[in-house]
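Please look over the chain below before reading on. The report describes how its parts are arranged.

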Amino acid sequence: MHVLVAEIELHVRSAQSLKEKRSVVTSIVRNLDQMHGVAAAEVDHLDLWQRAGLGAAVVGGAPGQVEELMDAAERYVWSRTEVDVLRFDRSWWEA
């Protein structure tokens, strides 16, 4: 089993309230969750209206497959024009 996790820090520059931030972040998390093999959640900066901390994980049988899925997730996050990606750090998890 191979597990790759990502810590993602975002700046939601257009958000003027928590409600506006949640709209953007919920959309990103939902779309990541819909990608085959990717699980995501908002995990940090819950009370700040222009910052978001997300966690994402990919589990698979082969390291190359896991990396390809995480590459797709990273490309998706970077493609979102309403956020600035401050950090997208990956690390392998071992049991």
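The sections below go through the sheet, the helices and two individual residues.

## The sheet

This is a predicted model. Its 4 strands form an open sheet in the order 2-3-1-4, and the pairing is antiparallel. Strand 2 (38-44) and strand 4 (84-93) are the edge strands, each pairing on one side only. From one strand to the next, the twist averages 20 degrees.

## Strand pairing

Strand 1 (residues 2-11) pairs with strand 3 (residues 51-60) in the antiparallel sense over 10 bridges. Two of the bridge partners can be used to find the register: Val 3 is partnered by Val 59 in strand 3, and Glu 9 has Gly 53 in strand 3 as its bridge partner.

Strand 1 is also joined to strand 4, by 9 bridges, and these two strands run antiparallel. Here the bridge partner of Ile 8 is Phe 88 in strand 4. Strand 2 and strand 3 run antiparallel as well, joined by 6 bridges. Val 38 stands opposite Val 58 of strand 3.

## Helices on the sheet

Helix 1 packs on the sheet, where it touches strand 1, strand 2 and strand 3. The direction of helix 1 makes about 155 degrees with that of strand 2. Helix 2 lies across strand 1, strand 2, strand 3 and strand 4. Relative to strand 4, helix 2 runs at about 170 degrees.

## Helix against helix

How do helix 1 and helix 2 pack? Helix 1 (residues 18-34) and helix 2 (residues 63-79) pack at an angle of about 155 degrees, and their axes are 11 Å apart. Angles over 145 degrees count as roughly antiparallel, and the two helices are therefore roughly antiparallel to each other. The crossing in which helix 1 passes helix 2 is right-handed.

On the helix 1 side, Ser 27, Ile 28, Asn 31 and Leu 32 take part; they meet Ala 73, Tyr 76 and Val 77 of helix 2. Sorted by class, this contact has 5 nonpolar and 2 polar residues, with no charged residues.

## Met 70

Met 70 lies in helix 2. Is this residue buried or exposed? Met 70 counts as buried because its relative accessibility is 0%, and the cut-off for buried is under 20%.

Leaving aside neighbours within four places in sequence, Met 70 is in contact with Leu 4, Val 5, Ala 6, Ala 56, Ala 57, Val 58, Phe 88 and Arg 90. One of these, Val 58, is the residue in strand 3 that stands opposite Val 38. Another, Phe 88, is the bridge partner of Ile 8. Ile 28 of helix 1, which takes part in the contact with helix 2, is 42 residues from Met 70 along the chain, and the C-alpha atoms of Met 70 and Ile 28 are separated by 14 Å.

## His 45

His 45 lies in the loop between strand 2 and strand 3. The hairpin of these two strands has 6 residues between the strands. Most residues other than glycine have a negative phi. His 45 is not a glycine, yet it has a positive phi of about 60 degrees.

Which accessibility class does His 45 fall into? His 45 counts as buried because its relative accessibility is 18%, which falls under the 20% cut-off.

Technical notes: Residues are numbered from 1 along each chain as its sequence is written. This is a predicted model: local features need pLDDT of at least 70, side-chain atom pairs count only at pLDDT 80 or more; totals for chains, interfaces and linings use all residues. Side-chain values use heavy atoms; hydrogens and water are left out. Axes are lines fitted to C-alpha atoms, for helices over the stretch in contact, and angles run from 0 to 180 degrees between N-to-C directions. Angles under 35 degrees count as roughly parallel, over 145 as roughly antiparallel, 65 to 115 as roughly perpendicular and the rest as oblique. A crossing is left-handed if the near helix is turned anticlockwise from the far one by less than a right angle, and right-handed if clockwise. Contact means heavy atoms within 4.5 Å. Ala, Val, Leu, Ile, Met, Phe, Trp, Tyr, Cys and Pro count as nonpolar, Asp, Glu, Lys and Arg as charged, and the others, Gly among them, as polar. Buried means under 20% relative accessible area, exposed over 50%, partly exposed in between (1.4 Å probe, protein chains only). Two strands pair if DSSP finds at least two bridges between them.
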